[in-house]
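Colleague: I'm new to this structure and would love some help reading it. Could you walk me through a few features?

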Amino acid sequence: GTLGLPRGAKQSRDGVVVVRAFVGHEYECYQGHRFLASGPNKASKINPSGHVKDSASRVLSTAMPLYMSCPCRHGKSHFAQLMRFFIVTPEDAVQLVLHPKVQPAPSPCPIFYPGMSDGIVVPADSFCCLRFPYIYADDMGSILPPSDQIHPNVQLCRLFEDLIEVRPI
């Protein structure tokens, strides 16, 4: 049974406690088109009822590109940039902590993170948005997004996997 489990949690047949959180990586192109991605270089498909049915565990266990082609159909192809990460957290079952790390250009470009060693604790039973910068900068100057020309190293610009840590309460 589920006696003794935190509110919002379920127990699978093999005894693993399962909680449900909803996540989304939102990209935006310079023309203002916005879309959610369900994996690297894959825009989410929405079913007729208006829901997206993709596995969050798959998308969270892989690095997401910082730039991908915009699926809009206005002229030539151009890049969209990862601008927001959305998360809807469960009630009281677990504590979710964000550890965002972004590399906006190929090495030797530094890896950017918020500077909080313990991560960003996301409140239970909430809808939160993590906003990423448009331009990253370090001691050497600004790291600009790639132009709309095909950039050979654009796949090396990424949000690293393991963005979310799950802590028991």
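Modeller: Happily; we will take a small sheet, then the spaces in the protein, then one residue. Please keep in mind that this is a predicted model.

Colleague: Let's begin with the sheet. What is the order of the strands in the open sheet of 3 strands?

Modeller: In general, the strands of a sheet pair through backbone hydrogen bonds, and the pairing is either parallel or antiparallel. Here the order is β6-β15-β10, and the pairing is antiparallel. The edge strands are β6, residues 64–65, and β10, residues 102–103, each of which pairs on one side only.

Colleague: How many bridges join β10 to strand β15?

Modeller: There are 2 bridges between β10 and β15, the latter covering residues 158–159, and these two strands run antiparallel. To find the spot on your screen, look for Gln-103, which stands opposite Arg-158 in β15.

Colleague: Now the spaces. How many cavities of 30 Å³ or more does the count come to?

Modeller: The idea to hold on to is that a probe fits in a cavity but cannot get out, whereas a pocket is open. The count comes to 1 cavity of 30 Å³ or more. The largest cavity has a volume of about 40 Å³. Its lining includes His-25, Met-64, Leu-159 and Glu-161. By class, the lining of the largest cavity divides into 7 nonpolar, 2 polar and 1 charged.

Colleague: And the second largest pocket: which residues are the closest to its centre?

Modeller: That pocket has a volume of about 210 Å³. It is lined by 13 residues, and Cys-29, Tyr-30, Phe-79, Gln-81 and Tyr-134 are the closest to its centre. Strands β3 (22–29) and β8 (79–88) each supply at least two residues of the lining. The largest share, 4 residues, comes from β8. Sorted by class, the lining of the second largest pocket has 9 nonpolar, 2 polar and 2 charged residues.

Colleague: Last, a single residue. Does Val-154 count as buried or exposed?

Modeller: Buried means under 20% relative accessible area. Val-154 counts as buried because its relative accessibility is 7%. This residue is found in the loop between β14 (141–143) and β15.

Colleague: Which residues does Val-154 touch, not counting those up to four places away in sequence?

Modeller: With those set aside, Val-154 touches Tyr-67, Phe-79 and Pro-146. Phe-79 also came up among the residues closest to the centre of the second largest pocket. You can also compare sequence and space: Val-154 and Pro-104 are 50 residues apart in sequence, and their C-alpha atoms are 8.9 Å apart.

Conventions: Residues numbered from 1 in each chain as written. Predicted model: local features only at pLDDT ≥ 70, side-chain atom pairs only at ≥ 80, totals over all residues. Heavy atoms only, no water. 1 Å grid on protein atoms, 1.4 Å probe; cavity = no way out; pocket = protein on both sides within 12 Å on 5 of 7 lines; lining within 4 Å. Points joined across faces, edges and corners; volume = space filled by probe spheres on them. Nonpolar A, V, L, I, M, F, W, Y, C, P; charged D, E, K, R; others polar. Pairing = 2+ DSSP bridges. Buried < 20%, exposed > 50% of the residue type's maximum accessible area, 1.4 Å probe, protein only. Contact = heavy atoms within 4.5 Å.
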